[in-house]
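Reader: I should like to work through this structure by question and answer. Please begin with the terms that are needed.

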Amino acid sequence: QQLELNFYQQLLASLQKNLGELKQNAVALAQIDCLQSFALLAKKHNYCCPQLMEGTTLRISEGRHPVIEQQLPAGEAFIAKDVFLNREEQQIIMITGPNMSGKSALLRQTALISLMAQMGSFVPAKSARLGLLDKVFTRVGASDNISSGESTFMVEMNETASIMNNISDRSLILLDEIGRGTSTYDGISIAWAIAEFLHNNQIGAKAGVRPKTLFATHYHELNELANKFTRIKNFNIATKEVGQKVIFLRKLIEGGSHHSFGIHVAKMAGMPRSIVERAAHILVQLEQKSISNEEESIGAEPDKNIGKKLQQVSQPMQLTFFDANDPILEEIKDDLMDLDVNSMTPIEAMMKLNELKKKLD
């Protein structure tokens, strides 16, 4: 026991004497381990060497999300996307498209590629040329702060306000569905004003600052911004409609989208058919009440007769049997849709018809 105690005392003394060298070796080994991991990852998944520049341009060719592409089913390839942002021509990209099409994934992959490049790693892309960033701001997801008494919308506004007050020319801003936590018109107004501020920004110490921004939204009205501001461009995640189905192509193409296909997504999620059909019916009614294309667009001077114009809604030329918006008729329609005529006997069909007639009476 004494010999063992002496051995450990000598070992401890030796470690204390050479502690500085041991720490240096540990740091060196950690750096080698990190760089080796970068190299193995880049080789295994076909990453490219990014080019870092002094300017502020961000250009990613065929970029991919490093996590999502590894979680795809076997044989399914990740759809790569190009992103180009700079101060002079394309400072803000408004991204529209359906739910589940990949808008949020595009925002996240852009941030990840930028961070990976600046930490010394190869990146998941065909090529990448990036100006150095000083801040990456994100406003994504939805959450509340119950302990502080803050609603989801209040948290969203707090985070967005923090971004607006701390931007710089070398900032990258990722905004996902700004304004969705409040009413539609409030949300559109806030999102519109934020986009204007990021583009014009002539206030105080931040005057002239043009941060690169990706702005994903379901507010298709914001597509109008590209017609009013030179450095705002519209892009959308492509889809293809085949019959009653929507196929997500997941390609980023130029131009704005005018459909969200939210009802299709609800159907894909397993929502009861009666709810999906009722939602589609209500959507048609709401679209019929929208202001015609000849009306002045958002952002223009207020129209003195806007109240009258809002009341001038288009009506269908002829009502169908179920356009009367009667709950009894809706119930009868649901009953008819649920019938399997081919499996019914004549007596069952007569009894069902009599039941529907009593409901109508």
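Author: The expected span of a helix is 1.5 Å times one less than its number of residues. The model discussed here is predicted.

Reader: How far does helix α4 reach from its first C-alpha to its last?

Author: Helix α4 covers residues 103-118, which is 16 residues. At 1.5 Å a residue, a span of 22 Å is expected. The span in the model is close to that figure, at 24 Å.

Reader: Which glycine follows α4, and what is the sign of its phi?

Author: The residue in question has a phi near 95°. That sign is positive, and the residue is glycine 120.

Reader: Is leucine 107 buried or exposed?

Author: Leucine 107 is placed in helix α4, where the buried residues also include Leu106, Ile113 and Met116. A residue counts as buried under 20% relative accessible area. Because leucine 107 has a relative accessible area of 1%, it is buried.

Reader: How far apart in space are leucine 107 and leucine 175, C-alpha to C-alpha?

Author: In sequence, leucine 107 and leucine 175 are separated by 68 residues. In space, their C-alpha atoms are apart by 8.1 Å.

Reader: Which element gives the most to the largest nonpolar core?

Author: The largest nonpolar core has 27 residues, and Leu58, Leu85, Ile95, Val123 and Leu214 have the most contacts inside it. Elements that each supply at least two of its residues include β2, β3, β7 and β9. The most, 6 residues, comes from α4.

Reader: What is the bridge partner of leucine 58 in β3?

Author: Strand β2 (residues 58-63) and strand β3 (residues 81-85) run antiparallel and are joined by 4 bridges. Within β3, leucine 58 has as its bridge partner leucine 85.

Reader: Which residue of β5 is the bridge partner of serine 61?

Author: β2 also pairs with strand β5 (residues 127-131), in the antiparallel sense and over 4 bridges. In β5, the partner of serine 61 is serine 127.

Reader: Which helix gives the most to the nonpolar surface patch?

Author: Phe7, Tyr8, Leu11, Leu15, Leu19 and Leu22 make a nonpolar surface patch of about 570 Å². Two elements, α1 (2-17) and α2 (19-44), give two or more residues to this patch. One of the patch residues, Leu15, is partly exposed at 40% relative accessibility. The most, 4 residues, comes from α1.

Reader: Which residue forms a salt bridge with arginine 139?

Author: The closest N and O atoms of this pair are 2.6 Å apart. Arginine 139 lies in strand β6 (residues 135-139) and its partner in helix α5 (residues 152-164), so the salt bridge ties together parts that are 20 residues apart in sequence. Arginine 139 is buried at 3% relative accessible area, whereas the partner is partly exposed at 32%. That partner is glutamate 159.

Reader: In which helix do glutamate 277 and arginine 273 both lie?

Author: The side chains of glutamate 277 and arginine 273 meet in a salt bridge, at 3.7 Å from N to O. Glutamate 277 is partly exposed at 24% relative accessibility, and arginine 273 is partly exposed at 43%. The two residues are 4 residues apart, about one turn of the helix, and that helix is α9.

Reader: Is lysine 352 buried or exposed?

Author: Lysine 352 forms a salt bridge with glutamate 355, with the closest N and O atoms 3.5 Å apart. Both residues lie in helix α12 (residues 346-360). Glutamate 355 is partly exposed at 36% relative accessible area. Because the relative accessible area of lysine 352 is 19%, this residue is buried.

Terms used:
Residues numbered from 1 in each chain as written. Predicted model: local features only at pLDDT ≥ 70, side-chain atom pairs only at ≥ 80, totals over all residues. Heavy atoms only, no water. Buried < 20%, exposed > 50% of the residue type's maximum accessible area, 1.4 Å probe, protein only. Pairing = 2+ DSSP bridges. Patch = residues over 30% accessible without salt bridge, like charges linked within 9 Å, V, L, I, M, F, W, Y side chains within 5 Å. Areas by Shrake-Rupley, 256 points an atom, 1.4 Å probe, with all protein chains shown as cover. Salt bridge = Lys/Arg side-chain N within 4 Å of Asp/Glu carboxyl O. Core = buried A, V, L, I, M, F, W, Y, C linked by side-chain atoms within 4.5 Å.
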